[in-house]
Amino acid sequence: MRAIRIHTPGDTDVLTVDAVADPSPEAGELLVANEFAGVNFIDTYQRSGRYPLPLPATIGMEGAGTVNALGEGVTGFSVGDRVAWAWAQGSYADQVIVSADKAALIPDTIPTDIAAAAMLQGMTSHYLITSVYEAKKGDIALVHAAAGGVGLVITQMLTRRGVTVIGTVSTEKKAQAAIEAGATHIIRYDSEDVVERVTEITDGAKCHVVYDGVGQATFDGSLESLRPRGTLALFGAASGPVPPFDLQRLSPLGSLFITRPTLSHFIQTFDEHQWRSGDVFDDIASGALTITIGGRYALEDAALAHKDLESRATSGKLLLDM
Ligand code: NDP
C-alpha cells in the first residue's frame with residue numbers, strides 16, 4: 001500500500017510516497033481501508049520534528065473509511081462498517097490500524113468525507129468548550145484564527161450555547177467565514193491591536209475565556225484580553241511555541257487560569273470518545289454544525305497540503321482523498 005512517510009524530520013520536501021507492507025490488526029484494533037485523511041497542524045509538528053516520532057514514520061492522525069478486518073476481541077464493529085477516527089498514527093496511508101476505542105461508527109446520514117473532516121477539530125472544539133472551560137450563555141469568548149479548521153467549528157458550537165464570540169482573522173475573506181460561523185465581532189489581528197479592540201468591544205469588561213491555537217504571536221494579548229479569573233486555553237502553536245512563562249504574571253493580570261490541553265487526554269476512554277464524537281455527529285446530522293472542507297488533495301500531494309496549511313492560506317478543513 002501507499003504511505004506518506006518521513007525518514008528524517010524537516011520541511012515539506014521530507015514527505016515521501018512509500019510502498020509499504022499492508023498492516024494487520026492486533027487485539028483490540030481495526031484494519032480500515034482509508035478513504036480520506038484529515039490534514040492537521042499536529043501533522044506538520046511531527047513532520048518538522050517539533051513532536052519527534054520514531055523513524056521512519058507514517059504521518060497523519062485522522063481519517064475515515066471502511067473496516068476491512070477486526071483484531072481479536074473487538075466488539076461493536078463489523079467488516080464493512082464505515083468508521084472515522086482522530087487519533088491513529090499513520091493515517092496518511094491506504095490502510096490504517098485504528099484502536100477500536102478510538103473509532104466511531106459514521107451515521108448513515110453523514111458522508112465519509114465530512115466525517116473525516118469533523119473528527120479531530122470537532123472533538124477538540126467539544127472538549128475545549130465542555131471540559132477545559134465550560135462555556136455558558138452570556139459568556140464572552142475570544143477565538144483566535146476563527147476561520148481556521150478548529151476556529152470555524154468552535155465558533156459555531158459557542159454561538160449555539162449563547163456565547164458571544166470575538167474572532168480574530170487575517171483577511172477579509174476569513175472575516176466573512178467567521179461571521180457566517182456566528183462570530184459577533186471580528187478583529188483583524190494582522191492590522192488591529194487585539195487588547196485595545198477587545199476592551200472597546202466589551203466596554204472594558206474583557207473576556208471570560210480565550211481559545212488560543214495560534215500561540216507565540218497571540219499569547220500576551222490573550223492574557224491581557226481576560227477579565228479577572230478568566231481562563232486562557234492555549235491549545236496550539238500555529239505561529240510557534242510560547243516561550244517559558246513566569247506564573248507570577250497571572251496574579252496582577254487578575255488571578256487568571258491557564259492550561260495547555262491536548263485532545264488525547266480528553267478521549268481517554270471509549271465512553272468519552274463516544275460522547276464527544278456522538279455529539280459532533282448529532283450536530284452535523286441536525287444541521288447545527290456545518291463542516292467546511294477548505295481543500296482536497298491527492299494522497300501524493302500531502303506536501304502541498306502542508307505548505308498551504310502552514311502558509312496561512314487556508315480556511316476550514318483540508319483532506320487527502322485516497
Ligand atoms: P487552522 O486551520 O486554524 O490553521 C492555522 C491558522 O492559524 C491559520 O489559518 C492562521 O489563520 C492562523 N495563524 C496565525 N499565525 C500563523 C502563523 N504564523 N502560521 C500559520 N498559521 C497562523 O489549523 P487547525 O485548525 O488544524 O489547528 C489550529 C490550532 O489548533 C493549531 O495550533 C493546532 O496545533 C491546534 N490544535 C490543537 C489540538 C489540541 O488538542 N491541543 C487539537 C487540534 C488542533 P489567520 O490567517 O486567520 O491568522
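**Around the ligand, and two backbone oddities**

In this predicted model, the ligand is surrounded by 29 residues, and the closest are Tyr127, Ser170, Lys174, Tyr189 and Gly213. "Surrounding" here means having a heavy atom within 4 Å of the ligand. If you want to find the spot on the surface, look for the largest pocket, since that's where the ligand sits.

Now zoom out a little and ask where the ligand lies relative to the domains. Domain 1 (2-119 + 291-321) gives residues to the shell, and domain 2 (137-260) does too, so the ligand lies between them.

What about helices? Four of them, H1 (41-48), H2 (112-132), H3 (149-160) and H8 (302-310), each put at least two residues into the shell. H2 is the top contributor, with four residues. As for chemistry, the shell is a mix: 15 of its residues are nonpolar, 10 are polar and four are charged.

Going in to the level of single atoms, a few polar contacts are worth picking out. Tyrosine 45 uses its side chain, with a polar atom 2.9 Å from a ligand oxygen. Glycine 149 works through its backbone instead: an N or O atom there is 2.8 Å from an oxygen of the ligand. Alanine 237 also brings in a backbone N or O atom, this one 3.1 Å from a ligand oxygen. Taken on its own, the ligand has 900 Å² of accessible area, and the protein covers 91% of that.

Before you leave, have a look at the backbone in two loops. Most peptide bonds are trans, and most residues other than glycine have a negative phi. Leucine 55 and proline 56, though, are joined by a cis peptide bond, with omega at about -5 degrees. You'll find proline 56 in the loop that runs between H1 and strand E4 (57-58). The other one is alanine 145, a non-glycine residue with a positive phi, near 50 degrees. Its loop is the one between strand E9 (140-143) and H3.

How values were computed:
Residues numbered from 1 in each chain as written. Predicted model: local features only at pLDDT ≥ 70, side-chain atom pairs only at ≥ 80, totals over all residues. Heavy atoms only, no water. Polar contact = N/O pair within 3.5 Å; in protein donor to acceptor, adjacent residues only side chain to side chain. Areas by Shrake-Rupley, 256 points an atom, 1.4 Å probe, with all protein chains shown as cover. 1 Å grid on protein atoms, 1.4 Å probe; cavity = no way out; pocket = protein on both sides within 12 Å on 5 of 7 lines; lining within 4 Å. Sits in = over half its atoms within 2 Å of the grid points. Nonpolar A, V, L, I, M, F, W, Y, C, P; charged D, E, K, R; others polar. Domains from an automatic or database assignment.
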